[in-house]
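Visitor: I'd like to walk through this model with someone who can tell me what stands behind each label. Could you take my questions one at a time?

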Amino acid sequence: MLAGAGAGFCQIIITTPMELLKIQLQDAGRTAAKEVVSGGGVVVAPKASTIALNLLRTKGIVGLYKGTAATMLRDVGFSVIYFPLFARMNAMGPKKYPGSEEAPFWYSFICGLSAGAFGAVAVTPADGMGHCFPCAFWLFVNFFLLLQLLKRVSSFYIAQPARGNILVF
């Protein structure tokens with residue numbers, strides 16, 4: 001499990017900036033497509049190298065790793081699940097020949113598919129959380145603060161009529 005976590009940590013060093021670049025490229029392509037549809041003529045989308053240099057200039061090296069926590073949660077979690085599960089399943093199956101420790105290709109392939117599918121399903125909520133968590137967090141905080149405000153206001157107005165004050169709605 002520790003080896004899987006280490007592999008996941010090493011992976012996010014490359015994955016996080018590449019995901020940011022992928023999102024920027026998709027956005028640039030979408031913008032170029034809208035311009036063509038709206039009658040702008042032939043519009044050339046910027047190249048990946050241009051977008052990468054622009055990202056580096058505007059956000060810096062640290063800015064390229066924005067969203068690392070969500071990526072870490074997904075990738076490290078997947079690696080922690082995948083590698084031990086694959087090793088265990090592969091060790092339990094048939095061997096290439098009697099007395100061998102090596103599994104046949106077809107069995108290793110099936111084990112890899114199964115462990116990958118299980119790991120992906122297990123960390124899918126973490127992937128969605130990376131995209132939705134900031135919005136959901138602030139929505140929750142605002143909702144909680146609104147509830148607290150309503151609780152305070154309602155207790156204030158409910159307590160006031162007992163003193164002879166007038167209710168105002």
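What follows is a chat between a visitor and a guide about the labels used for this structure.

Guide: Before we start, keep in mind that this is a predicted model. Ask away.

Visitor: What makes up the secondary structure of the chain?

Guide: Helices: there are four of them, and zero strands. Reading from the N terminus, the order is α-α-α-α.

Visitor: How do you know that helix 2 isn't straight?

Guide: Helix 2 covers residues 48-63, which is 16 residues. At 1.5 Å a residue a straight helix would reach 22 Å, but the end C-alpha atoms here are only 17 Å apart. There's also a bend of about 75° at Arg57.

Visitor: And how does helix 3 do on that test, end to end?

Guide: Helix 3 has 25 residues and runs 36 Å from first C-alpha to last, close to the expected 36 Å. So on that count its span fits what 1.5 Å a residue predicts.

Visitor: Why is Arg74 called buried?

Guide: The cut-off for buried is under 20% relative accessible area. Arg74 comes in at 16%, so it counts as buried. Asp75 is at 8%, so the label buried applies there too. Both are on the list of buried residues in helix 3, which also includes Thr71, Val76 and Tyr82.

Visitor: What makes the Arg74 and Glu19 pair a salt bridge?

Guide: The rule asks for a side-chain nitrogen of Lys or Arg within 4 Å of a carboxyl oxygen of Asp or Glu. Here the N to O distance is 2.4 Å, so the pair qualifies. The two partners sit 55 residues apart, with Arg74 in helix 3 (residues 68-92) and Glu19 in helix 1 (residues 2-37), so the bridge links distant parts of the chain.

Visitor: Is Glu19 buried or exposed?

Guide: In between. Buried stops at 20% and exposed starts over 50%; Glu19 has 23% relative accessibility, so it's called partly exposed.

Visitor: How many salt bridges turn up in the whole structure?

Guide: A search finds three. One of the others joins Arg74 to Asp75, with the closest N and O atoms 3.0 Å apart. Another is between Glu102 and Lys96, at 3.3 Å from N to O. Glu102 has a relative accessible area of 45%, so it's partly exposed, and Lys96 at 47% gets that label as well.

Visitor: Which residues are joined into one network by salt bridges?

Guide: Glu19, Arg74 and Asp75, through bridges that share partners.

Visitor: What else does Asp75 touch?

Guide: Skipping neighbours within four places in sequence, Asp75 contacts Gly8, Gln11, Ile12 and Thr15. Asp75 also lies 9.7 Å from Gly4, C-alpha to C-alpha, though the two are 71 residues apart in sequence.

Visitor: What makes up the largest nonpolar core?

Guide: Five residues: Leu20, Ala28, Ile51, Leu55 and Leu64. Helix 1 and helix 2 each supply at least two of them. To belong, a residue has to be buried and joined to the set through side-chain atoms within 4.5 Å. Ile51 and Leu55 are indeed listed as buried in helix 2, along with Gly63. As a general matter, nonpolar side chains in soluble globular proteins tend to be buried together.

Visitor: Which residues does Ile51 contact away from its sequence neighbours?

Guide: Leu21, Gln24, Leu25, Ala28 and Pro46, once you leave aside those within four places.

Visitor: And why is Gln24 called partly exposed?

Guide: Its relative accessible area is 28%, so it lands between the 20% and 50% cut-offs. Gln24 lies in helix 1 and touches Ile51 and Leu55, not counting residues up to four places away. The C-alpha atoms of Gln24 and Ile51 are 7.3 Å apart, with their positions 27 residues apart along the chain.

Visitor: Zooming out, how much of the chain is buried?

Guide: Buried residues make up 21% of the 169. The accessible surface comes to about 12,400 Å², and 72% of it belongs to carbon and sulfur atoms.

Visitor: What share of the contacts is long-range in sequence, joining residues at least 24 apart?

Guide: It's 66%, counted among contacts between residues at least 6 apart.

Terms used:
Residues numbered from 1 in each chain as written. Predicted model: local features only at pLDDT ≥ 70, side-chain atom pairs only at ≥ 80, totals over all residues. Heavy atoms only, no water. Helix = DSSP H or I, 4+ residues; strand = E, 2+ residues; numbered from the N terminus. Bend = angle between axes of the 7 residues up to and from the residue. Buried < 20%, exposed > 50% of the residue type's maximum accessible area, 1.4 Å probe, protein only. Contact = heavy atoms within 4.5 Å. Areas by Shrake-Rupley, 256 points an atom, 1.4 Å probe, with all protein chains shown as cover.
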